[in-house]
Protein chains: 6
Amino acid sequence: MKILVINPNSTASMTDKIVASARQKASAGTTIIGASGINAPASIQGHYDEAMSVPGLLARLKQAEEEGIDGVVVACFDDPGIGACREVFSGPVLGICEAAVKAASMISTSFSVVTTLPRSVPVIEELIHGYGLSHRCRRVRSAAIPVLALEEPGSGAREKVRDEILRAVHEDNCEAVVLGCAGMADLTEWLTEETGIPVIDGVTVATRMVEALVGCGLKTSKIGAYALPIQD
Amino acid sequence: MKILVINPNSTASMTDKIVASARQKASAGTTIIGASGINAPASIQGHYDEAMSVPGLLARLKQAEEEGIDGVVVACFDDPGIGACREVFSGPVLGICEAAVKAASMISTSFSVVTTLPRSVPVIEELIHGYGLSHRCRRVRSAAIPVLALEEPGSGAREKVRDEILRAVHEDNCEAVVLGCAGMADLTEWLTEETGIPVIDGVTVATRMVEALVGCGLKTSKIGAYALPIQD
Amino acid sequence: MKILVINPNSTASMTDKIVASARQKASAGTTIIGASGINAPASIQGHYDEAMSVPGLLARLKQAEEEGIDGVVVACFDDPGIGACREVFSGPVLGICEAAVKAASMISTSFSVVTTLPRSVPVIEELIHGYGLSHRCRRVRSAAIPVLALEEPGSGAREKVRDEILRAVHEDNCEAVVLGCAGMADLTEWLTEETGIPVIDGVTVATRMVEALVGCGLKTSKIGAYALPIQD
Amino acid sequence: MKILVINPNSTASMTDKIVASARQKASAGTTIIGASGINAPASIQGHYDEAMSVPGLLARLKQAEEEGIDGVVVACFDDPGIGACREVFSGPVLGICEAAVKAASMISTSFSVVTTLPRSVPVIEELIHGYGLSHRCRRVRSAAIPVLALEEPGSGAREKVRDEILRAVHEDNCEAVVLGCAGMADLTEWLTEETGIPVIDGVTVATRMVEALVGCGLKTSKIGAYALPIQD
Amino acid sequence: MKILVINPNSTASMTDKIVASARQKASAGTTIIGASGINAPASIQGHYDEAMSVPGLLARLKQAEEEGIDGVVVACFDDPGIGACREVFSGPVLGICEAAVKAASMISTSFSVVTTLPRSVPVIEELIHGYGLSHRCRRVRSAAIPVLALEEPGSGAREKVRDEILRAVHEDNCEAVVLGCAGMADLTEWLTEETGIPVIDGVTVATRMVEALVGCGLKTSKIGAYALPIQD
Amino acid sequence: MKILVINPNSTASMTDKIVASARQKASAGTTIIGASGINAPASIQGHYDEAMSVPGLLARLKQAEEEGIDGVVVACFDDPGIGACREVFSGPVLGICEAAVKAASMISTSFSVVTTLPRSVPVIEELIHGYGLSHRCRRVRSAAIPVLALEEPGSGAREKVRDEILRAVHEDNCEAVVLGCAGMADLTEWLTEETGIPVIDGVTVATRMVEALVGCGLKTSKIGAYALPIQD
């Protein structure tokens, strides 16, 4: 099975980290193909960045369709362009926010999310409202760090994420924590150890869930909203 | 007051029609500036078209910001890229779906929507869910016509829209009907007469509502999700 | 265009203030007719006051219908008697809570409301639930002042409102603040300056939104719930 | 225990019927005091009638408070003025819609409502949304009869109600039916026999539920929204 | 009228207390039959205990059906096995959580719940979500005591419950408090006096509400989900 | 990886079919251990059957915990006892309804469910409400067949399921269909071919999703509601 794990932004070091995480948790028979955004922002910090990353994402998915890729993970927690991706691709396409919050609600009765910048909080709240899981989400929190701080050793970013998780544990009455940025994927184990609460990374969960859908023979429904684009 | 009414697709005849509708209903002191999508699909029929129309839309809004435009109407019923538009622009930005369903709920207790293609139905349902008005929306219906059929005299498109509205009147127990495509703006009066139910066109409503927000001195909040893009 | 802005309570100084605010923001061609409640409580502080204000409100609207008024603003944040008003009047009728929260959700992803007395908090929460915007409302707050304190210079009421807005800014993670009482209309600009967050006054927003609906040729739907009263 | 069962409209024959139903099902030790609306419409068919009935209703409740009445049933399915009633009265006050739909959800997983006129359908839908039971309500239906037809022998009204219930049984997949008008209270047993589905009348259910609340020593909370009116 | 009040756990002292509370508030003509769980856990502290208590509960209800019992109260705040109980029994069956939160919403606009252990909080939140009253529930709180501490004089449990209610009063902006455990039934009056807020005990409310349903001639609907089990 | 796929009812032929489906779709390295309910009903057709199946299910899960099983699939579409299962087991536990509707919402914008008996419809509707996906579910339908008819060749059950799916396709405007009974697992491919719509079987999806959770190192959170039972 071949799965494309695409980081919609153009920061190669972040893609490397994401792909490494996906590979570490993928099944034995799965090939993970990594990709970065083309003509995309260096990080996705809001709706504008998200919108600007989507055309490149879609171009890569159309190529993936031709390459015989079986499924796609869109590795940005804003789940950019998922509907459009599902139109251009036959196999399952999953965003890491959707995967992570659905997984969280399978192993806990409530969860909090810890993301990077405050401006991403309402974006994620709206996604979770759309996925129907607002009643299971205690709070979406921000560690108040730029996305790319996660790429810089010594920035203190990982400690800030840990501290925000600890605040979630003490204040939110939550049973699990979801990492609200693909760039945190490599921290999952360390954060779990440091905080004592199940910490869920969307990159690995989405990878394994796409495997699951492909393994069941499920493809994106082409009846209705996700049919192939008409004009293209 | 200067309002940009932008049709995110590239079909100039549709833009002309939209702009004419906006001008017809705008206040005396308002200047309507029209624009079509650049490098955009000829029509927006699904998530992919929507996504591909957004970069051009955003480029035009950044220009509008520099030109001193006071407010913006995004004249496509899928409300494409609204969050991103609100980031790059200071004044109010309103999509025609949001404007129309909010107006509908001010003059009726329930409404149905009549759009073009079936594939747009779930897109619109999801928008209405996000706007919190699912409990006021009886049904989103499709007249089963391509968007551009509305541009072709003799295509029978307007009659199909009328007939679908009549079905809504008879089957949905609704009190108003919302036109689910910017390309229907010029049909509003005819449809109202033919069907006997209040028919709401998002283009004119959004234009007047943006006027309203500008007139009250309201601008897009730059605290939080709609702050200026960081990297741009 | 002629718009009736009616303060359902009987306090003339409050009506004057409300009407002045409406006039200040209304379009050039709009005539604002002001009115106070007849046989109404001096202020509306709860369901009882609200109920007692409605018959006078309806009598005035029936008169307005005969006078050829185009639209009506009900200038009390509890949106009293709106359904009944829509039955007796042909043009659009809008309450200031509905107008303000819908406007707030057009320029921000979340808002808090600051009202006068604590007892009004659940009344407003229930309204917002009905309008479908609970997921966009961070919190309804009270400045713990009687409505009429807003009429008394030196009462400290305006400072208390400001302080509560500042608490909203610091504690609620909101992007805009809605003023939860018609009697605060004159404070909007001062509060915006003092607090640095967009402050939304329902009186002016409702006035301009009624203008918008009238300008688009929209009237209250007479099919269904808002049909003329049968026995009257 | 003394319970006031008040019909907010002024039609004495309807009051008699309502009071007889309440007495028939009340506990042995309960005294039912009946009352009609004063200066009220002959029937309540919409928001306007509802609003006009409330001041008389409130006056009667203030008198009831002085008379030592223990609890109140407001016997109109639109639940008019309930919030205001709860402010002026110490004991429990219950509307028949709230009582009936809560009872229905205790003995079934879903119910439909059959009311009189189509214009009441959205009013009742909004009430049920407020009570949080929309997900348990299959459909609100109208038998297309004026309220007072229920007072006229030979009007065919009762047969129309029965036929609408049968339609609910066949089309709605519901497990119980709620009668959506106080004037149907005397038909409950006949309708149950004719239709074979549990038929719930709000008048009797509300009477017994108010008995229940009084019997438990519960009174309307005077902390917050239902505190005594301030100015009165 | 004969009502079975069944404590699903096996602790006889708790059953005695529950039955005494039910008897104290029941109507004159009502006979309360008490029962403890058979082969049941000593207390119900979570889903597992709940599940293990249900077969014994169902066996007792089948016996009750043969004994001509008119209605049943399941006296555990987790409302265990209510759907199954409604299948095997003809008369009304009510859990104390459902009864209490529905009563709370009849006498207040918002309530908080105080339960025993933290692990019961999400269980109760999910129940309230299912009953459609999340928007009326400020918070579900835990007094951090094991259920059986309520049976031990000198354990300090009742004081902890009181203190948690006081925290609800000060922090939650609630108008009533619901006791989240059947074992608190005997504390209702004392807690009301100590805290000054209406305190609602589900045992007594459910008993009186079952009386109400039986008194109205209502039985569990046997059309659909609550039909008799097929294989039994 | 070892996954227990447990059919909570006692019908061995159904277990065999379920286990065969799970094995067919499981990853290469996964061992599927099958189990039937002990002291359980022959089929689960309602709340009572569900409740009676749970103690045996829990006993088997405790054994599984000792045997080092990594994850559990509860193969009944009513998702019986999932909360209790999550308390007694360390690894992920997933019901097939939850798995299937979450998967359906990953590959489509809306789905319908086709189950066996009408009495299961409200049970499933309530589950989907709890999972937050009511807005994505068009309709829960019944093929009007007893569960065990699926075990009898020549019963016509499979044709009835197919016909009901075709009705869903034509009437519901859905994009996918979820099979609402574990006993339909072996029909998935045939039904997909016959109906032309993506057909989702919960057994295989749940198996692969449990693999996914285990593969990511996720276990049931033991903080809060799913902590180990206290008394056991």
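Two strands are taken to pair if DSSP finds at least two bridges between them. The exercises below apply to a predicted model.

**Exercise 1. The sheet of chain F**

Determine the order of the strands in the open sheet of chain F, the sense of their pairing and which strands lie at the edges.

Solution. Begin with the order: the open sheet of chain F is formed by four strands, arranged as S2-S1-S3-S4, and the pairing is parallel. Next, look for strands that pair on one side only, a condition met by strand S2 (31-36) and strand S4 (93-95) of chain F, which are the edge strands. From one strand to the next, the twist averages 20°. For a closer view of one pair, take strand S1 (residues 2-7) and strand S3 (residues 71-74) of chain F, which are joined in the parallel sense over four bridges; within this part of the sheet, F:Ile6 has F:Val74 of S3(F) as its bridge partner. Finally, add the helix: H1 (residues 12-25) of chain F lies across S1 and S2 of chain F, and its direction is at about 165° to S2(F).

**Exercise 2. Two helices of chain B**

Classify the packing of helix H1 (residues 12-25) against helix H8 (residues 202-215) in chain B, and list the residues that make the contact.

Solution. The first step is the geometry, in which the two helices of chain B pack at an angle of about 50° with their axes 9 Å apart. Roughly parallel would require an angle under 35 degrees and roughly perpendicular one of 65 to 115; H1(B) and H8(B) are therefore oblique to each other. Their crossing is right-handed. On the side of H1(B), the contact is made by B:Ile18, B:Ser21, B:Ala22 and B:Lys25, while H8(B) contributes B:Val203, B:Thr204, B:Thr207 and B:Arg208. Sorted by class, this contact of H1(B) with H8(B) comprises three nonpolar, three polar and two charged residues.

**Exercise 3. Relations between chains**

Establish how chain A is related to chain F, and find the distances that separate chain B from chain E and chain C from chain F.

Solution. A turn of 180°, with a shift of 0.0 Å along the axis, lays chain A on chain F with an RMSD of 0.0 Å. The two copies are thus related as by a two-fold rotation axis. The same surface serves both copies, since 100% of the contact residues of chain A recur in chain F. Within chain A, the residue that comes closest to the rotation axis is A:Gly132, whose C-alpha is at 2.1 Å. Turning to the remaining pairs, chain B and chain E do not touch, and their nearest C-alpha atoms are 15 Å apart; likewise, no contact joins chain C and chain F, where the closest C-alpha atoms lie 15 Å apart.

Methods
Residues are numbered from 1 along each chain as its sequence is written. Chains are lettered from A and ligands numbered from 1 in the order in which they are written. This is a predicted model: local features need pLDDT of at least 70, side-chain atom pairs count only at pLDDT 80 or more; totals for chains, interfaces and linings use all residues. Side-chain values use heavy atoms; hydrogens and water are left out. Copies are superposed by least squares on the C-alpha atoms of residues with pLDDT of at least 70 in both. Contact means heavy atoms within 4.5 Å. Axes are lines fitted to C-alpha atoms, for helices over the stretch in contact, and angles run from 0 to 180 degrees between N-to-C directions. Angles under 35 degrees count as roughly parallel, over 145 as roughly antiparallel, 65 to 115 as roughly perpendicular and the rest as oblique. A crossing is left-handed if the near helix is turned anticlockwise from the far one by less than a right angle, and right-handed if clockwise. Ala, Val, Leu, Ile, Met, Phe, Trp, Tyr, Cys and Pro count as nonpolar, Asp, Glu, Lys and Arg as charged, and the others, Gly among them, as polar.
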